[in-house]
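This report covers salt bridges and one helix packing. Please keep the model in view while reading.

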Amino acid sequence: MAKDIREGGLVPLFLCATVGTTASGAVDPLEALGKVAKDLKVWLHVDAAYAGSACICPEFRHHLNGVELADSISMNPHKWFLTNMDCCCLWIKEPKIFVDSLSTCPEYLRNKASESKVVIDYKDWQIALSKRFRAIKVWVVIRRHGVDNLMFHIRSDVDMAKRFEAHVAEDPRFEVVVPRRFALVCFRLRPKQEEDETELNSRLVMAVNDSGRAFMTHAVVGGIYVIRCAIGSTLTETKHVDCLWKLIQEKADNLFLEKPGPAMED
């Protein structure tokens, strides 16, 4: 950013840090980025859409160290917090900035409660005038399950991800590509020297998905094609994780016996 300012004459405006990236579950150093944002006077937003839910558990809260330096933070309860689609939570350090930017006040919306600031008009927090009652979804989830059960849900998924990670580590044909932090394991089938690693692993993904018994996605991390095993469904159990791994091994066995086929397009 400093180089862009110095050499390009650009004016920095917004810096986004992520807690649990979509591709690999990576976590940005919030405290360090917060200091950069403060020095350059830019808005710091923390995108915790996926892993923010995990921070209900004390053992994961260190990933939010430095969040006090952020201007806003968001998380999606529909991703890992037992909440139906769609529901995104957004916290703003200084709501007045939002209100000053988005507030509308035509005569037909004027009323004593709003003008006296007794109530919060959430219409002033967004572009649209109307707003869906998404908050009730989170309220129902918390009331129905409670904090202890929600923490159990997160920890159970993480434990199953650790189990899958251990399966990968035990098979020398496979490797975990990036560190697992939550319930996402990024792995790949090790290619032989003469093989194209992207083609090999894309064929493995297609074989698993075509079986109809499981569904996985892929990502490219640091130029490496990885397969993503993301655990987070309400009904997933240990037996499903073990069955998935057996399926992956079975399809890998078949791949080494088959002639190379077309790779899946990105």
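Asp171 is buried, because its relative accessibility is 7% and the limit for that class is under 20%. This is a predicted model. Asp171 carries a charge, and its side chain meets that of Arg173 in a salt bridge, 3.0 Å from N to O. Arg173 is partly exposed, with a relative accessible area of 24%.

A network comes next. Glu175, Arg188, Arg190 and Glu197 are joined into one network by salt bridges that share partners.

**Salt bridges**

The count of salt bridges comes to 17. Among them are the three pairs below.

| Pair | Closest N and O atoms | Relative accessibility, acid | Relative accessibility, base |
|---|---|---|---|
| Glu59 and Arg155 | 2.7 Å | Glu59, 38% | Arg155, 30% |
| Asp86 and Arg134 | 3.3 Å | Asp86, 27% | Arg134, 27% |
| Asp171 and Arg173 | 3.0 Å | Asp171, 7% | Arg173, 24% |

Where do Glu59 and Arg155 lie? The salt bridge between Glu59 and Arg155 has its closest N and O atoms 2.7 Å apart. Glu59 sits in the loop between strand S2 (43–47) and strand S3 (72–75), and Arg155 sits in helix H6, so the pair ties together parts that are 96 residues apart in sequence. Glu59 is partly exposed. Arg155 is partly exposed too.

Asp86 and Arg134 form another salt bridge, at 3.3 Å between the closest N and O atoms. Asp86 belongs to the loop between helix H3 (77–80) and strand S4 (89–92), while Arg134 belongs to the loop between helix H5 (112–115) and H6; the pair therefore ties together parts that are 48 residues apart in sequence. Asp86 counts as partly exposed. So does Arg134.

**Packing of H6 and H8**

Helix H6 spans residues 135–170 and helix H8 spans residues 238–257. Their axes lie 10 Å apart, at an angle of about 25 degrees. H6 and H8 are therefore roughly parallel to each other, as angles under 35 degrees fall in that class. The crossing of H6 past H8 is right-handed.

Which residues make the contact? H6 supplies Met160, Arg163, Phe164, His167 and Val168. H8 supplies Thr238, Val241, Asp242, Leu244, Trp245 and Ile248. By type, the residues of this contact divide into 7 nonpolar, 2 polar and 2 charged.

Terms used: Residues are numbered from 1 along each chain as its sequence is written. This is a predicted model: local features need pLDDT of at least 70, side-chain atom pairs count only at pLDDT 80 or more; totals for chains, interfaces and linings use all residues. Side-chain values use heavy atoms; hydrogens and water are left out. Axes are lines fitted to C-alpha atoms, for helices over the stretch in contact, and angles run from 0 to 180 degrees between N-to-C directions. Helices (H or I, at least four residues) and strands (E, at least two) are DSSP runs, numbered from the N terminus. Angles under 35 degrees count as roughly parallel, over 145 as roughly antiparallel, 65 to 115 as roughly perpendicular and the rest as oblique. A crossing is left-handed if the near helix is turned anticlockwise from the far one by less than a right angle, and right-handed if clockwise. Contact means heavy atoms within 4.5 Å. Ala, Val, Leu, Ile, Met, Phe, Trp, Tyr, Cys and Pro count as nonpolar, Asp, Glu, Lys and Arg as charged, and the others, Gly among them, as polar. A salt bridge is a side-chain nitrogen of Lys or Arg within 4 Å of a carboxyl oxygen of Asp or Glu. Buried means under 20% relative accessible area, exposed over 50%, partly exposed in between (1.4 Å probe, protein chains only).
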